[in-house]
Amino acid sequence: MTSRRPLSRALLVFAAVALALAGCTSSTRTETATNDGAGVVGVALPTADDLAVERLGEALRDELRARGYRVDLQYAAGDARTQISQVQNMVTKGEEAVVLVPLSADALDGARAAADGAGAPLVTAGRALDEGGAVEAFDPAATGRAQATALLEALARDDDAARDDPATVAIVAGVAGVAEDPEAAAAHAAATEVLAAGPVRIIAGADLESAAVADLPRDVEIAGEERVRALYGTPGSETPDAILALGDAVGRGVVTALTTPDPDATASPSPTASADPEAVPPPPPVVVTSGGDALTVRALRNGVVAATVFVDTRAGAGPVADAVVAALDGEEPTPSAGPPPTTVERDAVESVFLESGWLGAEDLSG
């Protein structure tokens, strides 16, 4: 690999996602099973436009059907009011239990009130909003730690082998999702702890609030793209040498900013390209993100992303279904940890994403 600038002058932009299980469009979707069974279980998920959520929904539907339940699977539009309304409709129709991956604390409170009012069990899953009672589909702190570790390792591989002073790496923590999201906070805190223990120096955006790019989860992807373009496009500013995108949505924004022209500019084709055709372009940043959506995995395959930390949310379906069965039996569901994150580099794209069926070959075309 081409040698980078010495890490004594390197920069890291710390990008934290607001919502690992949140999307950006306004669509909703409902899928209702038709097989006979012990009753109907509603499954309320935040969005149909995030692959991790979609794969979780499909796995939950299949797992619950295999256990004899009919399934009312609904995806909200990244909107808390929509999700609350969906849960209200589920319990009004007499569905026996509801599985909720809450979009926000407001969505959780509204859904819980609706379920309690109808006497229906509510099983929360996937998000760090419920105090001690959730069945986790992923662990944002574990993912954040893995991402920070992967970035430090990628920077070490990319640096000159004969670096005299490894303790002078400069780290700029500058890009985040939504500050109020507890998952963003967990990922940010865990990653910052790992970075602080390494040969790094955090000089900006070390707290989540100052690093946040958006007020609403559905705005994170676009806001992340805009923040990265601003970081590269501000005259006289230091140019980021590495980007840590803690979350799927903000990671997609980072990838878009680094690989596509700025629609509002007429000069550089991407933030890392030089407007001067005679100038030597700066080396591309080392990028570590999360997730396994097609855009991210294509960027990993093409070398834009050094690594992605992937959680196969399908593995969370069994524990969630166990919790539903327990709740319907009048037992307290047992909280469980999410499946462990896996750091995936370019040479493992086929084995992790294609052979497992997470993506198809057509997803990576282009």
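Is strand E4 largely enclosed by the rest of the structure, or is it open, and how many of its six residues are buried? I shall begin with that strand and then move through the chain. Please bear in mind throughout that we are looking at a predicted model.

Strand E4 covers residues 70–75, and five of its six residues are buried, so the strand is largely enclosed by the rest of the structure. Its partner is strand E3, residues 40–45, and the two pair in the parallel sense over six bridges. To locate the pairing on your screens, find Ala 44, whose bridge partner in E4 is Gln 74. Between the two strands the chain passes through helix H1, residues 51–66, and this β-α-β crossover from E3 to E4 is right-handed.

Strand E4 also supplies one side of a salt bridge. The side chain of Asp 72 meets that of Lys 93, with 3.1 Å from N to O. The pair links distant parts of the chain, 21 residues apart: Asp 72 belongs to strand E4, while Lys 93 sits in the loop between helix H2, residues 80–92, and strand E5, residues 97–100. Is each partner buried or exposed? Asp 72 has 2% relative accessibility and therefore counts as buried, the cut-off being under 20%. Lys 93, at 56% relative accessibility, counts as exposed because the cut-off for that class is over 50%.

Let me place this pair in its wider setting. Side chains of opposite charge can pair when their charged atoms come close. A search of the whole structure finds twelve salt bridges, and I shall discuss two further examples.

The first involves Arg 252 and Glu 221, whose closest N and O atoms are 3.0 Å apart. Here, too, distant parts of the chain are linked: Arg 252 lies in helix H8, residues 248–259, and Glu 221 in helix H7, residues 220–233, with their positions 31 residues apart in sequence. Arg 252 has a relative accessible area of 7%, so it is buried. Both residues also belong to a network of salt bridges that links Asp 50, Glu 221, Arg 252 and Asp 293.

The second example remains within helix H7. Glu 225 and Arg 229 form a salt bridge with their closest N and O atoms 3.0 Å apart. These two residues are four apart in the helix, about one turn, and both are buried.

I turn next to strand E9, residues 286–290. Five of its five residues are buried, so E9 is largely enclosed by the rest of the structure. Which residues cover its two faces? On one side are Val 286, Val 288 and Ser 290, and on the other are Val 287 and Thr 289, all of them buried.

Strand E9 has parallel neighbours. Strand E8, residues 242–246, is joined to E9 by three bridges, with Ala 242 standing opposite Val 286. Three bridges also join E9 to E10 in parallel, and there Thr 289 stands opposite Thr 308. The chain crosses from E9 to E10 through helix H9, residues 294–301, in a right-handed β-α-β crossover.

Thr 308 merits a closer look. It is placed in strand E10, residues 307–310, and at 0% relative accessibility it counts as buried. Its side chain reaches the backbone oxygen of Gly 291 at 2.8 Å. Leaving aside residues up to four places away in sequence, Thr 308 touches several others, including Thr 289, Thr 296, Leu 300, Thr 342, Val 344 and Phe 353.

Val 344 brings us to Val 352, in helix H11, residues 349–354. With residues up to four places away in sequence again set aside, Val 352 touches Phe 310 and Val 344. Val 352 and Asp 312 are 40 residues apart in sequence, yet 9.5 Å apart in space, C-alpha to C-alpha.

I shall close with the chain as a whole. It contains eleven helices and eleven strands, and 53% of its 366 residues count as buried. Among contacts between residues at least 6 apart in sequence, 78% join residues at least 24 apart. The accessible surface comes to about 15200 Å², and 50% of that belongs to carbon and sulfur atoms.

Notes. Residues are numbered from 1 along each chain as its sequence is written. This is a predicted model: local features need pLDDT of at least 70, side-chain atom pairs count only at pLDDT 80 or more; totals for chains, interfaces and linings use all residues. Side-chain values use heavy atoms; hydrogens and water are left out. Contact means heavy atoms within 4.5 Å. Buried means under 20% relative accessible area, exposed over 50%, partly exposed in between (1.4 Å probe, protein chains only). Two strands pair if DSSP finds at least two bridges between them. A crossover is right-handed if, with the strands pointing away from the viewer, the path from the first strand over the helix to the second runs clockwise. A salt bridge is a side-chain nitrogen of Lys or Arg within 4 Å of a carboxyl oxygen of Asp or Glu. A polar contact is a pair of N or O atoms within 3.5 Å; within protein, one must be able to donate a hydrogen and the other to accept it, and residues adjacent in sequence count only if both atoms are side-chain atoms. Accessible areas come from the Shrake-Rupley method with a 1.4 Å probe; for residues, only the protein chains shown count as cover.
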